Amino acid sequence: MFGNYLIGLREGLEASLVVCILVAYLVKTDRKEKLPPVWIGIGVAVLLSLAFGFILQFGTQTLTFEAQELLGGTLSIIAVGLVTWMVFWMRRTARHLKRELHGKLDAALAMGTGALVLTAFLAVGREGLETALFIWAAVQSTDDGARPLVGALLGLLTAVLLGWLFYRGALKINLAKFFTWTGAMLVIVAAGVLAYGFHDLQEARFLPGLANKAFDITAQIPPDSWYGTLLKGVFNFQADPTWLQVAVWALYLVPTLVFFFSPGKVAPTPAAPKEHDDAQVALPGVHSPGDRSTADADGLRDGARRTGDHPVGDEA
């Protein structure tokens, strides 16, 4: 349940931030009359994501067992690929996400209402489809009744609440750090989903090796025990995996985490010009800690020019 809560929180918060940035930009630039097209685009994206999740859940029940396993395994692998790409993309662009969305919104405003609806739809729809697919894959891999879905729903509701607090200026977090650590935990969850996806392909007889178990510790960690259920729900742990599952899990998890935490991915190089850090959420009523010091420095320079004073050090 915790793993699915993390998925809902992490994915939902991205969508919430996108909505906050779009709405706040229109409000701050006195273009509130453009809000209805944005909400239309957002609403259509949410409905499409819900419909996609509904089709995934109920549209596959009429298939044969082998076909269900083949489809489930394939979609699990696709979901892990999309989420991995998203994690690295957000890791790289969290610092200038607001600036990027502002540029797209300005271009859409210049083109008309239809472009505005499409911009909001694409910005939220991508996150929604990825969320629906990955939550579905994670729920299928845990096979723990409704609890994984409840966990994902609670995560989404928490993300909506945090997004509202961001917009109201009541909450401020460092997004770069948040997306770094939640991204790392999401990679661990994705490794379990990927391993289970390959297990589905083995059960569908698409891949061999279903009977070749790497180990079997079901006696020590019964799947129906509370700790077995906890490990399954958080890490998609399986007490009797095949050799292929273990290999896929290790070959994905270790290189991905190493590359994710490599120095080049954590922060910009020292030689890069210093820009405003959008990783610190700054919506209406929230200001960056450096704003006041910058304004004070500009005021001192302006005062010096008006009075004819020279910068410190000229006298010497």
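## Threonine 256 in helix α9

Threonine 256 is buried, with a relative accessible area of 11%, and its place in the chain is helix α9. Once residues up to four places away in sequence are set aside, threonine 256 touches Thr84, Phe88 and Val187. The model is a predicted one, and helix α9, which covers residues 243-260, is where confidence in the chain is highest, with a mean pLDDT of 93.

## Confidence along the chain

Across the chain the pLDDT averages 75, and 75% of the residues score at least 70. In contrast to helix α9, helix α11 (residues 290-307) has the lowest confidence in the chain, at a mean of 44. The pLDDT stays below 50 over residues 265-316, a stretch that nevertheless has 53 contacts in the model beyond near neighbours in sequence. Where pLDDT is low, the predicted coordinates should not be read in detail.

## The chain as a whole

The secondary structure comes to 11 helices and zero strands, so that a reader following the sequence meets the pattern α-α-α-α-α-α-α-α-α-α-α. Of the 316 residues in the chain, 43% are buried. The accessible surface is about 16,900 Å², and carbon and sulfur atoms account for 68% of that area.

Among the contacts with a separation of 6 or more, 84% are between residues that stand 24 or more positions apart. Helix α2 (residues 35-58) can serve as an example of a single element: its 24 residues reach 35 Å from the first C-alpha to the last, which is close to the 34 Å expected at 1.5 Å a residue. The buried residues of this helix are Leu35, Pro37, Val38, Gly41, Ile42, Ala45, Ser49 and Leu56.

## Helix α6 and its leucines

Two neighbouring leucines in helix α6 are worth describing together. Leucine 156 lies in this helix and counts as partly exposed, at 29% relative accessibility. Leaving aside neighbours within four places in sequence, leucine 156 is in contact with Gly8, Leu9, Gly12 and Thr131. One of these residues, leucine 9, is 147 residues away from leucine 156 in sequence, yet their C-alpha atoms are 5.3 Å apart in space.

Leucine 157 is also found in helix α6, which covers residues 147-168, but at 52% relative accessibility leucine 157 counts as exposed. Together with Val150, Leu153 and Leu154, Leu157 makes a nonpolar surface patch of about 350 Å². An α-helix has 3.6 residues a turn, so residues three or four places apart point the same way.

## A buried aspartate in helix α7

Aspartate 200 is found in helix α7, and at 6% relative accessibility this residue counts as buried. When neighbours within four places in sequence are left out, the contacts of aspartate 200 are with Glu69, Gly72 and Gly73.

## The salt bridge

A search of the whole structure finds one salt bridge, in which the side chains of lysine 213 and aspartate 240 meet at 3.9 Å, taken from N to O. Lysine 213 lies in the loop between α7 (175-203) and α8 (226-235), while aspartate 240 lies in the loop between α8 and α9, so the pair ties together parts that are 27 residues apart in sequence. Side chains of opposite charge can pair when their charged atoms come close.

Both partners have some access to the surface: lysine 213 is partly exposed, with a relative accessible area of 35%, and aspartate 240 also counts as partly exposed, at 22% relative accessibility.

## Positive phi angles in two loops

Aspartate 30 has a positive phi of about 60 degrees although it is not a glycine. This residue is placed in the loop between α1 (2-28) and α2, where aspartate 30 counts as exposed at 66% relative accessibility.

Arginine 205, likewise a residue other than glycine, has a positive phi near 65 degrees. Its place is in the loop between α7 and α8, the loop that also holds lysine 213 of the salt bridge. Arginine 205 is exposed, with a relative accessible area of 73%.

Notes:
Residues numbered from 1 in each chain as written. Predicted model: local features only at pLDDT ≥ 70, side-chain atom pairs only at ≥ 80, totals over all residues. Heavy atoms only, no water. pLDDT = per-residue confidence, 0-100. Helix = DSSP H or I, 4+ residues; strand = E, 2+ residues; numbered from the N terminus. Contact = heavy atoms within 4.5 Å. Salt bridge = Lys/Arg side-chain N within 4 Å of Asp/Glu carboxyl O. Buried < 20%, exposed > 50% of the residue type's maximum accessible area, 1.4 Å probe, protein only. Patch = residues over 30% accessible without salt bridge, like charges linked within 9 Å, V, L, I, M, F, W, Y side chains within 5 Å. Areas by Shrake-Rupley, 256 points an atom, 1.4 Å probe, with all protein chains shown as cover. Expected span 1.5 Å × (residues − 1).
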